[in-house]
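Subject: Structure handover

Hello,

Here is the structure for you to look over. My notes follow it.

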Amino acid sequence: MDEDKTNTPNILTVVIPAYNEQAGVVATINEICEVLGNASIAAEIIVVDDGSTDQTATEAESCGVRVIRHSRNQGYGASLKNGILASTSEFVMITDADGTYPAQVIPQLMEQSHKMDMVVGARSLNSAGIPMVRRPAKWLLTRLAEYLAGRKIPDLNSGMRIFRRSELLGFLSILPAGFSFTTTITLGMLCNNRRVTYVPIEYRKRLGVSKIKPSDFLSFIILVLRTIVLFNPLKVFLPLGATLFVMGMAKFVYDLFLWDLSESAIMALLAAINIWSLGLLADMIGRIHLRPPE
């Protein structure tokens, strides 16, 4: 859905990354087009074919939408970034090509987006589209992110959300090329006090085969820690230093009773001071260089 006959500027660009999604891409596009048309939302749809080996790109082009083709698979995040950079609308929405996210909520998300920097379609942990085997890992990852971000996160890595394009571009250079794109932008927005809200949605079973592997869970944990160290390092360094400080002080008091000061007490106390110093330095660097402009 590009500009209509009256040349009304598009207020929304829908970016759909797709890798071997020929089973669901047409149904996804048609559903989105129908909802946008019924809601009279001036929008365009950009499908980024990420080096698919099936007919994903051809199927998408048959729907009359804009298709960006990657000659090789570059990753979910890379596809989103290329689609976002190709957009010119005030708002950018991302969603998947596998039929899991309900297009019917787009008008509701758009209504909220006019007073927010990011509006996220929040899936319930009990949604039919989330396999049982992934739910414990997803719960643990979310609790870790909530502690580090300092606020409740209903859905850490939902693939359906609308951003203000101007806000999103400020974070683009730090967003990864893989599946962790959504986790990173969530933590980046929250840690920088951007206006973020969540709208509950139903998450449906996907069409086709999932690209996420069980081994990605460890990568997500590392990503959460890395992102928080980037934006709010004191959340990591202060507790770690405090733990070593308490251990060192306990050993120091014990050594006093024995009148025999040990190296382990001194090392623990020095390590705590070093870690706190690193945390303060990382926080200063983050404030100066890594935070997007207001």
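Leu 238 sits in helix H9. Leu 238 has a relative accessibility of 41%, so it counts as partly exposed. Its C-alpha lies 7.0 Å from that of Gly 279, and the two residues are 41 apart along the chain. Bear in mind that this is a predicted model.

**Helix H9**

How many residues does H9 have, and what does it reach from its first C-alpha to its last? H9 has 25 residues and reaches 35 Å. The expected value, at 1.5 Å a residue, is 36 Å, and the helix comes close to that. The buried residues of H9 are Phe 237, Gly 241, Gly 248 and Asp 255. Trp 259 follows the helix and has a positive phi, near 55°.

There is also a nonpolar patch on the surface. Its members are Phe 245, Val 246, Met 249, Val 253 and Phe 257. Together they have about 490 Å² of accessible area. Val 253 belongs to H9, which covers residues 234-258. At 39% relative accessibility, Val 253 is partly exposed. A general point for contrast: in soluble globular proteins, nonpolar side chains tend to be buried together.

**Nonpolar core**

Which residues touch the most other members of the largest nonpolar core? They are Ile 153 and Ile 185, in a core of 34 residues. Several elements each supply at least two residues of this core. The strands are S2 (43-49), S4, S5 (118-123) and S7 (196-201). The helices are H3 (76-86), H5 (135-149), H7 (181-191) and H8. H7 gives the largest share of this core, 6 residues.

**Salt bridges**

The count is 7 salt bridges. Three of the pairs follow.

- Glu 90 and Arg 164: their side chains meet at 3.6 Å, N to O. Glu 90 is in the loop between H3 and S4, and Arg 164 is in strand S6 (residues 161-164), so the pair ties together parts that are 74 residues apart in sequence. Glu 90 is partly exposed, with a relative accessible area of 43%. Arg 164 is buried, at 16%.
- Arg 123 and Asp 155: their side chains meet at 2.7 Å, N to O. This pair also links distant parts of the chain. Arg 123 is in strand S5, Asp 155 is in the loop between H5 and S6, and they are 32 residues apart. Arg 123 counts as buried at 10% relative accessibility. Asp 155 counts as buried at 1%.
- Glu 146 and Arg 143: their side chains meet at 2.9 Å, N to O. Both are in helix H5, 3 residues apart, so about one helical turn separates them. Glu 146 is buried, at 15% relative accessibility. Arg 143 is partly exposed, with a relative accessible area of 28%.

Why does Arg 164 count as buried? The cut-off for buried is under 20% relative accessible area. Arg 164 has 16% relative accessibility, so it counts as buried.

**Backbone notes**

Asn 20 is not a glycine, yet its phi is positive, about 55°. Asn 20 lies in the loop between strand S1 (12-18) and helix H1 (25-38). It is partly exposed, at 24% relative accessibility.

Asn 193 is not a glycine either, and it has a positive phi of about 55°. Its place is the loop between H7 and S7. Is Asn 193 buried or exposed? With a relative accessible area of 69%, Asn 193 is exposed.

**Confidence**

The chain averages a pLDDT of 85. Of the residues, 84% score at least 70. Where in the chain is confidence lowest, and where is it highest? Helix H8 (residues 216-231) is lowest, at a mean of 68. Strand S4 (residues 91-94) is highest, at 97. Note that H8 and S4 both supply residues to the largest nonpolar core, at least two each.

Best wishes

Key: Residues numbered from 1 in each chain as written. Predicted model: local features only at pLDDT ≥ 70, side-chain atom pairs only at ≥ 80, totals over all residues. Heavy atoms only, no water. Patch = residues over 30% accessible without salt bridge, like charges linked within 9 Å, V, L, I, M, F, W, Y side chains within 5 Å. Areas by Shrake-Rupley, 256 points an atom, 1.4 Å probe, with all protein chains shown as cover. Salt bridge = Lys/Arg side-chain N within 4 Å of Asp/Glu carboxyl O. Helix = DSSP H or I, 4+ residues; strand = E, 2+ residues; numbered from the N terminus. Buried < 20%, exposed > 50% of the residue type's maximum accessible area, 1.4 Å probe, protein only. Expected span 1.5 Å × (residues − 1). pLDDT = per-residue confidence, 0-100. Core = buried A, V, L, I, M, F, W, Y, C linked by side-chain atoms within 4.5 Å.
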